[in-house]
Amino acid sequence: MSATVIDLHTHTTHSDGSSTPTELIALSSSKRARAVAVTDHDTVSAIVEARAAADRYGIEFVAGIEISAEYSPGTMHILGYFIDCESTELAKKLEELRKAREARNPQIASRLQSLGFDISYDEVVRLAGNQVVGRPHFARLLIEKGYVATMQEAFDRFLKKDADAYVAKARLSPREAIALIHEAGGVAVLAHPYQLKLSSYEEVDALVGELAALGLDGIEAVYSRHSVDERTKYSEVASRHGLLITGGSDYHGTYKPDIDIVSGLGDLAVPYELLEELKARAGARPREIQASRARDLS
Ligand code: AMP
Ligand code: ZN
Ligand code: FE
Ligand code: FE
């Protein structure tokens, strides 16, 4: 593999991944990644350790985040890149999102108990290591207790949207998610658009148009679970709306056992050039804000 590949979508033990930030960077290095972004759900607590490890390995590091937005019938996740992890506004909002998880998670535990499983929420929290707790941790506990054989079986039978133990959590609207990322100085990218579950090109195009009007910067066209046709389709839609494209594996370690860091399902190769465009967009953003402020004042 050439040393020009990157991975802009990864999760650590600080959310629902199984690799520590340092382990994740070491793995990226062994796969000869030139740049890596860590994009944990609702937290930036892995960033300091990951950045320090990346410095030691000579890997370019991008501070990221993944935020769930209100959307139906599928799932909408927004990735933020080059965010200011010291932003107090960001910290406040992320704390609220983690509180929303803490309100939802015990309800998932109760539902699983009602279904006859001997599990407690405390066990899930212990398994997660007191980080951001999510459905994959419930799935892992169901495997450990022998109730299901695989993560996928746990989701398909109990945890996926509309399954018996699924409980929705409070989310930001797409507008709020994009604004939060922009206010923290970041670039906002629509994650894994196939999860929107839109059937036609026209529907994707219309939704992306709406998100672009809200300030969306890019689309994660290159993604582990996107077919070649999907990668082409989402790249075309991005270009029609003046958006950039990004790519990543969505590595979660043992929580998504079929997905490897950097190489995804095996054929992923995100080129470094995509990061150069992302950096250009991030560099342009403060000037855009300054320009709009200047307009407001004149
Ligand atoms: P949560 O944020 O707690 O709702 O969990 C979301 C995470 O669960 C996602 O990032 C995925 O890693 C995982 N996930 C969601 N839906 C599925 C599914 N149908 N199959 C496998 N993993 C899933
Ligand atoms: Zn996840
Ligand atoms: Fe996601
Ligand atoms: Fe993710």
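These are my notebook entries on two metal ions and one ligand in this structure.

**Ground rules.** I am working with a predicted model, where local features need pLDDT of at least 70, side-chain atom pairs count only at pLDDT 80 or more, and totals for chains, interfaces and linings use all residues. Residues are numbered from 1 along each chain as its sequence is written, chains are lettered from A and ligands numbered from 1 in the order in which they are written, and side-chain values use heavy atoms, with hydrogens and water left out.

**Entry 1: the zinc ion.** I looked up which residues coordinate the zinc ion (ligand 2). I found Asp16 (OD), listed twice, with His41 (NE2) and His252 (NE2), at 2.0 to 2.6 Å. Donors here are N, O and S atoms within 2.8 Å of the metal (3.2 Å for Na, K and Ca); water is not among the atoms, so sites may look incomplete. Along the chain, the zinc donors follow the spacing D-x24-H-x210-H. Asp16 sits in the loop between strand 1 (5–7) and helix 1 (21–30), and His41 in the loop between strand 2 (35–38) and helix 2 (47–57), 25 residues apart. Helices (H or I, at least four residues) and strands (E, at least two) are DSSP runs, numbered from the N terminus. Both Asp16 and His41 are buried, meaning under 20% relative accessible area (1.4 Å probe, protein chains only).

**Entry 2: the iron ion.** Next I turned to the iron ion (ligand 3), whose protein donors are Glu66 (OE), His77 (ND1) and His192 (NE2), at 2.0 to 2.2 Å. Their spacing in sequence reads E-x10-H-x114-H. Glu66 belongs to strand 3 (residues 60–69) and His192 to the loop between strand 5 (187–190) and helix 8 (201–213), so this pair ties together parts 126 residues apart in sequence. I noted that Glu66 and His192 are both buried. The iron ion (ligand 3) and the zinc ion (ligand 2) are separated by 5.7 Å.

**Entry 3: ligand 1.** What surrounds ligand 1? My list includes Asp16, His41 and His252, which I had met at the zinc ion, along with Arg101, Arg104 and Phe155; a residue is listed if one of its heavy atoms lies within 4 Å. Helix 3 (88–114), helix 5 (135–144) and helix 6 (151–159) each supply at least two residues of this shell. I then checked distances from side-chain polar atoms to oxygen atoms of ligand 1: Lys169 lies at 3.0 Å, His252 at 3.3 Å and Lys256 at 3.4 Å. Taken alone, ligand 1 exposes 500 Å², and the protein buries 81% of that (Shrake-Rupley method, 1.4 Å probe).

Definitions and conventions. Buried means under 20% relative accessible area, exposed over 50%, partly exposed in between (1.4 Å probe, protein chains only). A polar contact is a pair of N or O atoms within 3.5 Å; within protein, one must be able to donate a hydrogen and the other to accept it, and residues adjacent in sequence count only if both atoms are side-chain atoms.
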